[in-house]
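Colleague: Could you give me a close look at one part of this complex, the place where two of its chains meet? Please add whatever else helps me read the picture.

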Amino acid sequence: MSHECYEKREWPRGSPHNNMNIWNFPLLPESASTFAAHIDLILEFLLAITVFFSVAIGLAIIYFAVKYRHTREIDRVHSGKSMLWIEITWTVVPLIIVLFVFVWSSGVFYWTRKAPENALPMFVVAKQWMFKTQNLEGVREINSLHVPLNQPIRLSLISEDVIHGFSIPAFRVKQDILPGRYNMTWFQATKVGTYHLFCTAYCGDQHSRMVGTVTVMEPKDYEEWLAGGKSSAVTASEAGEQLFNKYGCITCHKANPGEGRCPTLHGLYGNSVKLVGGRTVIADEAYIRESILNPQAKIVAGYEPVMPSYQGQINEEGLLELLAYIKTLKVK
Amino acid sequence: MKNYLTQDISLKSWLLTKDHKRIALLYLISITFFFAIGGFAALCMRLELLTPGPDLLKAANYNKMFTLHGISMVFFFLIPSIPTVFGNFLIPIMIGARDLAFPRLNLASWYIYTLGALFALTAAILGGVDTGWTFYTPYSSTYSNTHVVLMATGIFVAGFSSIFTGLNFLVTIHKMRAPGMTWFRLPLFVWAHYATSIIMVLGTPVIAITLVLVGLERLFGVGIFDPRLGGDPLLFQHLFWFYSHPAVYIMILPGMGVISEIIPCFSRNRIFGYEFVAYSSIAIAILGFFVWGHHMFITGQSVYAGLVFSLLSFLVAIPSAIKAFTWTATLYKGRIYLRTPMIYALGFIGLFTIGGLTGLILASLATDIHFHDTYFVIAHFHYIMVGATMMAYLGALHFWWPKITGKLYPEFWGRISAVIVFLGFNMTFFPQFILGYLGMPRRYHVYPPEFQVLNIFSTAGATILGVGYLMPFVYLIWSLKYGPDAGNNPWGATGLEWKTVSPPITENFTQIPTVTEEAYDYHQEPMPDLPEEAM
Amino acid sequence: MSHDTAAPHSPLTITFYVKLYIGLLVLLLATVGASYLHLGPFNFAVAFTIAVIKALLVILYFMHVRFTEKLIWLTAGAGFLWLAYFLGLLFNDYLFRW
Amino acid sequence: MSDSHSSILSHQFETLDQQRASAEFGMWLFLVTEVLFFGGLFVSYAVYRYLYPVAFAESSQTLDMWLGCFNTFVLLTSSLTMALAVHAAEAGDKRKLIRFLLFTMFLGTVFLVIKGFEYHHKFEHHLVPGAHFEFEGPEKEHAQIFFFLYFVMTGIHGLHMIIGLGVLSVLILMAYNDRFSKEYFNPIHITGLYWHFVDIVWIFLYPFLYLIGHPK
């Protein structure tokens with residue numbers, strides 16, 4: 001890895017570097033998602049607090065240092081006792097401020113964690129050192145993600161090796177990507193353009209080259225782009241269906257309950273499952289993933305533990321495609 | 001009468017000394033060495049970051065540099081810095097004791113530190129480690145091809161040095177106080193070290209066992225963090241930060257103690273609200289244990305845990321704020337002398353305030369999404385750990401230099417260097433706040449070109465900061481030979497350490513003193529003039 | 001200085017130690033016996049409670065904490081309290097993961 | 001300060017009582033660090049037992065609960081003999097002191113020998129985590145986590161026992177050389193604290209590792 005690789009990297013358009021004037025550098029990040037304004041507002045409030053107290057303390061120090069400088073003759077008589085009301089004031093006032101910010105900020109945070117129902121699912125599989133992205137239409141990209149404008153996008157993220165980070169500063173979006181477990185994030189882009197995508201969790205040698213772009217397009221352009229990429233691809237759930245047949249899942253998991261040796265997967269996603277031992281779990285992505293890789297971990301009540309493990313046979317992308325397929329299976 | 005330096009000057013008497021003051025000097029030399037190593041690594045990083053491309057270092061070497069910087073600065077410089085040098089030297093004298101409770105254990109701590117340091121240095125010389133000082137799994141346990149186990153061993157070993165130092169301080173402060181030295185007559189420096197020691201004793205064992213687990217996982221390929229084997233990599237982060245967040249308070253609390261000594265002395269005023277400062281140290285030490293999860297808001301930790309940790313993190317801000325207000329209020333109607341230690345102390349307040357308040361932005365869940373793992377975090381914790389702690393460390397070095405060596409440093413150069421350090425520091429790290437806001441991730445070896453100008457500012461500032469750090473190194477050593485004699489109490493300060501001779505005798509006091517007054521018994525009286533040749 | 005009481009002697013007799021020891025053995029048998037019962041989640045609770053009682057007996061009597069200064073109570077308590085805090089805050093994560 | 005004291009009172013202390021209280025407090029602080037040291041393991045244990053309850057129960061069944069029970073009995077007995085040793089030291093009875101310390105060492109050694117047999121059994125049955133790990137049952141990986149924790153926890157506990165035995169042998173030599181008296185037996189007392197603490201760790205390890213699920 002040398003200069004060569006670096007030179008080839010294309011930084012997003014709009015990068016001031018392209019203007020050949022390095023002094024024209026930004027001081028504020030782009031704001032290109034629905035989150036940006038909300039998070040920035042909290043930031044601005046906290047910055048105002050920071051500036052206010054820093055300046056107040058700084059000025060007080062300078063004022064006292066000048067006024068009570070040792071060479072000056074000035075009245076220095078004071079009781080020398082601390083005053084309780086002052087102590088209480090400067091304990092309670094900051095307390096109120098931070099509690100206010102806590103409530104406000106936590107509300108926004110909660111919003112950023114819960115994707116809306118109508119969000120468009122997409123997948124990100126990270127590995128040293130690239131992001132592999134895929135949408136439901138089956139278009140796969142590397143270190144690049146195309147999304148339509150004003151459409152909530154829900155990303156399921158998983159890593160094949162170490163912990164990575166998924167950060168789009170312009171959207172105020174960041175989520176670590178863990179191996180072995182799905183993490184989720186979502187956003188809704190509000191401005192057409194191309195933005196930085198960074199890996200923010202240190203992941204080894206080429207960490208700083210694990211970067212990419214996110215391109216926001218008008219819905220119409222996005223459709224065109226999809227059509228261009230789709231020609232050779234199948235959709236994610238079609239790919240999942242192929243895997244479903246290839247690995248023989250279909251022989252046991254039948255469409256109707258009670259037909260096969262195994263529970264039906266139709267209508268499974270998002271519903272509760274009764275397990276041996278009386279526990280129930282919600283069939284979310286994590287549960288379905290575990291049931292493929294480690295089927296004995298949670299046995300559905302009324303069934304024998306006959307399913308073999310698929311650990312090491314299906315890769316992360318395959319699992320995500322299977323998930324996409326299973327999610328399409330509705331009750332017949 | 002012979003003092004502790006001239007009592008016996010053979011090398012053997014130094015290497016086998018049980019005198020807390022000599023052990024403090026052994027530590028001073030060791031940690032200065034590690035400060036130099038960490039500083040060198042920082043210099044390499046800043047030079048590399050002058051340009052967006054890879055120029056000076058290969059990616060792998062850059063990664064090793066920031067790891068070396070982090071490990072030597074955190075584990076081998078900042079954590080031991082003020083406690084092992086100034087705490088060791090001063091706590092027994094301040095409370096009116098002849099030594100720490102366990103002098104042999106104290107010496108053993110230094111040897112344990114040195115052993116750990118040798119492991120770490122061996123790892124660095126054999127090719128270094130590239131995991132970052134945080135050793136996140138599974139990268140450290142499975143994927144990294146560097147000397148992780150050796151380095152982890154070094155930190156594991158050095159951890160016991162920290163545990164034994166904390167234990168020694170706690171026993172000493174509880175059991176060795178002179179007659180009349182009640183808890184509320186203790187200097188706040190001692191309170192701060194008491195709080196620090198609590199963290200050392202309660203926190204350090206957890207990082208020790210965690211590093212053992214990482215080492216086992218790496219050596220034998222089995223363990224509890226590898227997700228391929230059903231492990232949870234986030235558990236490592238929990239265990240790691242359970243120690244490493246409180247460790248931040250190990251680094252800052254002793255500094256707060258130093259500032260609480262310097263400010264009253266150079267404003268010739270009692271400290272404002274003594275009890276509040278004392279209790280806030282303890283509050284910080286205890287609350288500091290309950291906030292570790294704020295390093296994991298966006299790692300996949302549960303949202304509920306995030307809420308709890310965020311709230312607790314906000315609460316830690318309160319005792320810290322109390323301290324900053326209190327120090328400022330102490331200046332009111334004082335008689336203020338802007339001597340070198342005071343300039344450092346006032347700089348400390350300013351930088352600590354900025355560092356602390358920007359911490360709120362990271363404790364707040366929503367804003368942390370944007371700032372997590374960016375240069376904003378780097379800037380924030382450098383304001384605390386370098387801005388504040390290093391200022392306190394240098395302030396302490398100047399304040400107690402006359403006591404430790406019996407010599408005065410050149411005041412003029414002291415003031416110049418204090419101002420240079422302050423300016424250089426701000427120039428280095430302020431641009432990094434903006435870089436973080438723009439989204440520049442930390443630990444990046446190459447970066448998008450629009451970030452270059454701010455990085456140039458930062459590197460330029462680092463150069464100035466480096467000069468600021470080199471100056472005391474030169475003139476303090478110079479003063480050992482050429483500095484004028486300090487006398488026993490050049491600052492007209494209160495506190496038992498100023499009532500003994502400079503440098504103190506081996507058992508500190510000819511007779512154990514009886515304490516009859518509170519700490520900081522200042523009455524706006526003028527400070528003694530420095531001799532001409534000290535200016 | 002020659003009259004200081006060098007070592008406070010605990011008021012415990014050998015007979016007391018032996019009785020305590022027998023009590024501990026009874027608790028050991030109880031914990032083994034309880035493991036044969038099918039109590040669901042309470043199996044753990046019972047085993048844990050018995051272990052805590054055993055540990056308390058050892059700390060209070062074998063380790064003489066019952067007869068020492070407050071500081072030792074506080075110190076001994078702090079260790080276990082911290083462990084409890086650690087577990088409590090940690091399970092804020094594990095119990096509530098989505 | 002009398003002559004008999006000057007040899008046992010270190011220079012930094014004023015009185016023997018101060019010295020004794022400092023040593024005791026110091027040892028307790030050390031035990032607190034030990035609580036947190038083992039705490040890291042207990043916390044990890046709690047997390048994985050919560051995540052993989054079935055695997056933990058099934059793995060636990062492969063341990064011999066009666067051997068574990070016997071070992072608990074051995075350790076509790078050694079705690080008794082240690083307490084009696086301290087009692088003898090308080091009375092200044094050198095002969096009894098040495099005898100009880102030897103008893104304690106003997107019981108500690110018995111514990112380690114039995115532990116050794118258990119380890120040997122695990123090796124023979126491929127229950128040691130690593131390439132040769134074999135486990136009948138659906139959750140092999142999770143069982144491996146149980147056995148990893150089992151070996152680390154009991155291993156570190158065993159290491160503490162070995163250190164304890166080393167300290168005990170030094171104490172016996174010191175007692176033999178008349179280094180202790182009614183006035184001065186700090187080392188016996190604080191070693192006793194350590195030994196009891198190691199016992200306490202085992203009191204928790206036994207039900208946590210051996211008694212999950214129901215014996216068949």
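Modeller: Domain bounds here come from an automatic or database domain assignment. With that in hand, chain C is a handy place to get your bearings: its assignment gives domain 1 (12–67) and domain 2 (69–98). Taken over C-alpha atoms, the centres of domain 1 of chain C and domain 2 of chain C are separated by 21 Å.

Do keep in mind that this is a predicted model. The predictor gives the complex an ipTM of 0.92 and a pTM of 0.93. For chain D, the mean pLDDT is 91, and 97% of the residues in chain D reach 70 or more.

Now to the meeting place you asked about. Here 76 residues of chain B are in contact with 77 residues of chain A. On the chain B side, several helices each supply at least two residues, among them α3 (59–95), α11 (340–363), α14 (411–438) and α15 (452–482). The most comes from α10(B), with 13 residues. By residue type, the side of chain B that touches chain A divides into 49 nonpolar, 20 polar and 7 charged.

Finally, a single residue of chain A to click on. Asn294(A) sits in the loop between α7 (285–293) and α8 (316–328) of chain A. Asn294(A) counts as partly exposed because 19 other C-beta atoms lie within 10 Å, while a buried residue would need 20 or more. Leaving aside residues up to four places away in sequence, Asn294(A) touches Ser309(A) and Gln311(A). Pro308(A) is 14 residues from Asn294(A) along the chain, and their C-alpha atoms are separated by 8.1 Å.

Technical notes:
Residues are numbered from 1 along each chain as its sequence is written. Chains are lettered from A and ligands numbered from 1 in the order in which they are written. This is a predicted model: local features need pLDDT of at least 70, side-chain atom pairs count only at pLDDT 80 or more; totals for chains, interfaces and linings use all residues. Helices (H or I, at least four residues) and strands (E, at least two) are DSSP runs, numbered from the N terminus. A residue is buried if 20 or more other C-beta atoms lie within 10 Å of its own, exposed if 12 or fewer, and partly exposed in between; C-beta atoms are placed from the backbone. Two residues are in contact if their C-beta atoms, placed from the backbone, lie within 7 Å. pLDDT is the predictor's confidence in each residue, from 0 to 100. Ala, Val, Leu, Ile, Met, Phe, Trp, Tyr, Cys and Pro count as nonpolar, Asp, Glu, Lys and Arg as charged, and the others, Gly among them, as polar.
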